[in-house]
Amino acid sequence: MSAPSERVTIKDVAAAAGVSKGAVSLAFNHKPGVSEATRERIFAAARQLGWAPNSSARSLSRQSVDTVGLAICRPARLLGLEPFYMEFISGIESVLAERDCSLLLRLVDSVEEEIGLQERWWRERQIGGSLLVDFHQDDPRIEPLRKLGLPAVAVGHPSLTGGFPSIWTDDAAAVAEAVRYLAALGHRHIAHVGGPRGLGHSAIRTTAFEQTMRDLGLESGPHAETSFSGDDGARATRSLLLARERPTAILYDNDIMAVAGLGVAAEMGISVPDDLSLLAWDDSQLCRLTHPTLSAMSHDVHSFGAQVTRVLFEVLDGREVVSRPVATPSLVPRASTASPRG
């Protein structure tokens with residue numbers, strides 16, 4: 001790193017990378033004319049020297065950060081209804097406010113779009129680091145973002161996150177607790193309404209659901225994959241309740257779907273909890289405002305967002321970060337769960 005008294009110029013970056021000043025300009029303006037290998041060499045030299053083409057960027061070093069990036073692959077309308085992400089983002093913002101930093105939030109339609117977005121953010125020095133969420137099995141973001149050298153913290157189990165520092169909740173233990181609770185009430189036909197199996201935490205929850213049912217000597221109940229939306233939750237619930245062997249309990253992977261499921265049960269004249277018990281993931285105001293109130297798996301999502309953000313700043317400060325679980329959602333029993341009749 002150059003001494004603070006020196007003013008690093010584009011000429012210094014070009015010399016360090018062994019290219020012309022024009023090549024540096026092409027690389028940072030994302031113009032054709034330089035190979036990917038040369039582009040990466042230029043970015044590495046610029047980071048080493050602490051040079052940025054934009055005067056509003058404080059530094060390319062990891063010791064200074066104005067903005068943290070967060071890309072979420074969700075429809076805007078669904079995100080606005082989902083209490084989890086609203087609480088998670090509020091936790092992020094609480095830490096950023098302490099450091100006078102900002103959150104750059106973008107909704108994307110696909111993982112591929114996010115890869116391009118993260119690359120652009122980093123190369124244009126719009127962010128100092130990113131929070132990565134919603135990991136898929138064999139997630140395609142891992143290799144290109146590691147190659148980019150993007151400082152990041154992954155929100156997900158280490159089996160999914162490819163070596164990025166990881167913070168996660170113990171979803172498998174929480175699912176096991178939920179299933180054991182329902183079984184202890186006497187339920188033997190338990191269904192699960194989850195997210196897409198390709199989504200890492202959905203797969204972990206589904207596997208834990210199936211394993212716990214086997215451990216209890218119960219037949220693995222029906223499982224429905226959804227998009228986490230209320231419409232999908234309602235559709236899955238209706239299908240389950242129209243089946244010949246109707247479940248006596250349903251575990252949902254978010255609160256929106258559980259609330260929608262409660263509405264479907266009322267529509268079909270099925271009493272909750274007398275005829276059907278419902279249990280939601282991620283306790284929220286929605287669960288406490290329904291009638292009957294919804295039992296739920298609960299943890300402090302605001303604090304979770306804050307913890308994840310603090311770990312990112314540890315990464316940016318060059319400290320060694322140990323991946324770790326920070327919470328296990330715990331059961332909050334309410335009126336929507338009871339022993340089955342008959």
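Guide: Contact means heavy atoms within 4.5 Å of each other. The model is a predicted one, in which local features need pLDDT of at least 70, side-chain atom pairs count only at pLDDT 80 or more, and totals for chains, interfaces and linings use all residues. Residues are numbered from 1 along each chain as its sequence is written, and side-chain values use heavy atoms, with hydrogens and water left out.

Visitor: Which elements do the buried residues of α10 pack against?

Guide: Helices (DSSP H or I, at least four residues) and strands (E, at least two) are numbered from the N terminus. In α10, the buried residues (under 20% relative accessible area, 1.4 Å probe, protein chains only) are G200, S202, A203, R205, T206, A208, F209, T212 and M213. These residues pack against α8 (158-161), α9 (171-184), β6 (190-194), β7, β8 (249-252) and β9.

Visitor: How many Å apart are the end C-alpha atoms of α10?

Guide: Helix α10 covers residues 200-215, which are 16 residues. The expected span is 1.5 Å times one less than the number of residues, so 22 Å is the span that α10 should have. The separation of its end C-alpha atoms agrees with this, at 22 Å.

Visitor: Which residue just after α10 takes a positive phi?

Guide: The helix ends at residue 215. Just after it, a positive phi of about 75° is taken by G217.

Visitor: What is the relative accessible area of F228?

Guide: F228 is found in the loop between β7 (223-225) and α11 (230-241). Its phi is positive, about 75°, although F228 is not a glycine. The residue is buried, with a relative accessible area of 4%.

Visitor: Is D282 buried or exposed?

Guide: D282 sits in the loop between β9 and α13. This residue is other than glycine, yet its phi is positive, near 65°. With a relative accessible area of 10%, D282 is buried.

Visitor: Which residue does a cis peptide bond join to V272?

Guide: The bond that follows V272 has omega near 10°, and is cis. The residue on its other side is found in the loop between α12 (255-267) and β9 (277-281). That residue is P273.

Visitor: What is omega for the cis peptide bond of H291 and P292?

Guide: P292 lies in the loop between α13 (285-289) and β10 (295-298). The bond that joins H291 to P292 is cis, with omega about -5°.

Visitor: Which element gives the largest share of the largest nonpolar core?

Guide: A nonpolar core is a set of buried Ala, Val, Leu, Ile, Met, Phe, Trp, Tyr and Cys residues joined through side-chain atoms within 4.5 Å. The largest has 27 residues, of which L70, F88, L131, V153 and V308 touch the most other members. At least two residues each come from β1 (67-72), α5 (83-98), β4 (152-155) and α14 (301-316). The largest share, nine residues, comes from α14.

Visitor: Which residues does F88 touch, not counting those up to four places away in sequence?

Guide: F88 is one of the residues that touch the most other members of the largest nonpolar core. Outside the excluded stretch of up to four places in sequence, F88 touches V133, V155, V301, F304, G305 and V308.

Visitor: How many residues has the other core that lies apart from this one?

Guide: Nonpolar side chains tend to be buried together in soluble globular proteins. Apart from the largest core lies another, with A260, L262, V272 and A280 among its members. The number of residues in this other core is 25.

Technical notes:
Buried < 20%, exposed > 50% of the residue type's maximum accessible area, 1.4 Å probe, protein only.
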